[in-house]
Amino acid sequence: MRGAARLQPAQATRPERAPGRGETPPGRPAYRIRVPFKRLRRWLFVGLTAGTTGAGGWLMLGILGAGGVSRLELLILLLFLPTFGWISVPFWNAAIGFVLDIAGRDPLTLAPARKSGAEVPGIRSRTALVMPARNEDPETVFGGLAAILLSLEGTGQAERFDLYLLSDSTDPETIRAEEEEWARLLARAKRPEGLRYRRRASNTGRKPGNIADFCERWGHLYEFMIVLDADSVMTGAALVELVAIMEANPAAGLVQTVPVPARQETLFGRVLQFAAALHAPLQATGQSFWHGDAGNYWGHNAILRLGPFIEHGRLPVLPGSPPLGGAVLSHDFVEAALLRRAGWDCYLVPGIRGSHEELPGNIPDFAARDRRWTQGSLQHLRLLGMRRLHPLSRLHFLLGAMGHLASVLWLLMLLAATGYVALAEAGRGGGLTRSDPLFSTWAGSLAGPPVSLLAVTAVLLFLPKALALAVALLRARERHGGSWRLGASWLLEVLFSVILAPLMMLYHTRFIGSILLGRDVQWDGRTRGGAELAWRRVAREAWWITGAGVAWAVVTIGTSTVFFLWLTPIFAGLLLAPPLIRWTASRRLGRVVREAGLFLVTAEAGRDSPEDHTPEDYARP
């Protein structure tokens, strides 16, 4: 919620129970959360990540320092350390998640994991389902709302929920379509009195201001609020489960689910949807293990206790002007940090099934979404000094920013290495030989440590993907089309991620450069689902990427053939940018791979238990 321009609201103490609420309801032990060994877990994760980073730095120092460390070599080492540390974080998240999954343990309580969706608990609280929207596709919005309501009716507890569509739309056609679709939704609804459509004349405060307006007008009527994005779809069982968890844990201020992408049609969307379905559960399980009661908020598909949120969730206004000053764009991380500072527990619960969202359907739209996130993440760095923040809240800010800054560091490290090779060649007048440090990196023959840094890096990058594949083969192979199709889809996704990474590296670098130059992001709704791209737009999007790739490749191959081969995966992504952007935006190719049984997710390959149900099971009436 947007508030006064100060960074330290009044001090709050940790509540023993929700204000004005009774004791924890009896008969709910399955939903109670007790997190043992919190401090030990966090130090374990920090130690593993720091130890891995230190080991990687030692290997790199052994490579660069064979004949003494020059200034350029020191620069490479300083750029390498945070980059290597960054890839260590998801590695250990996946490793921890894999161990817990195989052991069948809940990442928070460490007790045997409860099966989500196996039963629908009775609940007593009133909850508002809140969907802010601004110039969104009405078919996406109302298709999702109809699916949610239909699924919720199947739980027998729909009367505990009211739905609010909070429109900030300004486009006349969108407004007209929203009003027509809302009238149709009311006509079909079993409880029209539980539905409300509100449109503001101005987008004051953007999404946080929209939600703040709801809190001021209707927040006192509800104990909880579940925030949905315009592309969110959640099953009724998942919604009821969220409320049951909040009722059983009076000190909980926030419970975040793990939204899994759904309803993707383009090739790009289907690959990312498959990757998220495979990899996100392990990553989230590992995060939940060490986050404990200081989890993060992702802005949607989550439940908030309204009293504490209204009292403590005022967003600071940063000094200065945008893009780094003014209103905080990425409000979710900050709201979680403020709740945790006030003493309320914030949980990431990856075991809740039936939480879904959509993704941008092509690379340019995916990158445009990242542009906004990049600006918000850099703003978070200005909040690291806020008083009384939980240490993990500061870490969430830092890791969020590193998700974008790592691309810049990676690019600078590669350019510094290119300069290193060029200077070595100019001084020697010959080709790269086995005695050169960078040959050691490429060929795996180090002058010092006997372990190849390249091999260690490959393990950190690809073992998490292999662990996710192993879990899928063990538990869900038929739900992904069978072992062979699952394996083929996994391999193609790995290759696609390798090719896509250099493009996102340049996109993120460009975004950060534009932010540092003072260019604010313009944001007026999202392109969801994706549109097929004409070659003219592809040329506008890709010329600078391909041009940079060609220039870099020419310089490198003219300097050293061996180093050029080492950078081949980078050049492949940059030089193939135009066809990659064009073809992956194709819905036709998306249908082709689906019909071939590739990149299948649960709803497309059959279900055998309640937890397998997805939005596609609930047809729009």
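A salt bridge here is a side-chain nitrogen of Lys or Arg lying within 4 Å of a carboxyl oxygen of Asp or Glu. The exercises below apply to a predicted model.

**Exercise 1. Decide whether Asp168 and Arg200 form a salt bridge, and state which parts of the chain the pair ties together.**

Solution. Begin with the distance: the closest N and O atoms of Asp168 and Arg200 are 2.6 Å apart, and the pair forms a salt bridge, since the cut-off is 4 Å. Next, place the partners: Asp168 belongs to the loop between E2 and helix H4 (172-188), while Arg200 belongs to the loop between strand E3 (195-199) and helix H5 (206-218), so the bridge ties together parts that are 32 residues apart in sequence. Then consider accessibility, for which buried means under 20% relative accessible area: Asp168, at 2%, is buried, and Arg200, at 12%, is buried as well. Finally, widen the view, because Asp168 and Arg200 are linked with Arg198, Asp213 and Arg217 in a network of salt bridges.

**Exercise 2. Classify Arg42, Asp293, Asp162 and Arg126 as buried or partly exposed, and say where each of their salt bridges runs.**

Solution. The structure holds 22 salt bridges, among them the one between Arg42 and Asp293, whose closest N and O atoms are 3.0 Å apart. Arg42 sits in helix H1 and Asp293 in the loop between helix H7 (267-291) and strand E8 (302-305), so that this pair links distant parts of the chain, 251 residues apart. With a relative accessibility of 15%, Arg42 counts as buried, and Asp293, at 4%, also counts as buried.

Turn now to the second pair, in which the side chains of Asp162 and Arg126 meet in a salt bridge with an N to O distance of 2.6 Å. Asp162 is part of strand E2 (residues 161-167) and Arg126 of the loop between H2 and strand E1 (127-133), which places them 36 residues apart. Here the two partners fall into separate classes: Asp162 is buried, because its relative accessible area is 8%, whereas Arg126 is partly exposed, because its value is 37%.

**Exercise 3. Which residues form the nonpolar patch on the surface, and which helices supply them?**

Solution. The patch is made of Trp58, Leu61, Val69, Leu74 and Leu78, which together have about 490 Å² of accessible area. Helix H1 (38-64) and helix H2 (71-103) each supply at least two of its residues. As a check on one member, take Leu61, which lies in helix H1 and counts as partly exposed because its relative accessibility is 32%.

**Exercise 4. Test whether the span of H2 agrees with the number of its residues.**

Solution. H2 has 33 residues, which at 1.5 Å a residue should span 48 Å, and its end C-alpha atoms are 48 Å apart, so the two values agree. Beyond the end of the helix, H2 is followed by Gly104, whose phi is positive, near 70°.

**Exercise 5. Describe the largest nonpolar core and the surroundings of Trp552.**

Solution. The largest nonpolar core has 69 residues, of which Ile363, Leu503, Tyr507, Ile545, Trp552 and Ile581 touch the most other members. Helix H14 (residues 483-516) contributes the largest share of this core, 11 residues. For Trp552, setting aside its neighbours within four places in sequence, the contacts include Leu411, Leu414, Leu415, Met505 and Phe571. A second, separate core of 45 residues includes Ala147, Leu195, Ile226 and Ile303.

Methods. Residues are numbered from 1 along each chain as its sequence is written. This is a predicted model: local features need pLDDT of at least 70, side-chain atom pairs count only at pLDDT 80 or more; totals for chains, interfaces and linings use all residues. Side-chain values use heavy atoms; hydrogens and water are left out. A nonpolar core is a set of buried Ala, Val, Leu, Ile, Met, Phe, Trp, Tyr and Cys residues joined through side-chain atoms within 4.5 Å. Buried means under 20% relative accessible area, exposed over 50%, partly exposed in between (1.4 Å probe, protein chains only). Helices (H or I, at least four residues) and strands (E, at least two) are DSSP runs, numbered from the N terminus. Contact means heavy atoms within 4.5 Å. Patches are made of residues with over 30% relative accessible area and no salt bridge: like charges are joined within 9 Å, nonpolar side chains (Val, Leu, Ile, Met, Phe, Trp, Tyr) within 5 Å. Accessible areas come from the Shrake-Rupley method with a 1.4 Å probe; for residues, only the protein chains shown count as cover. The expected span of a helix is 1.5 Å times one less than its number of residues.
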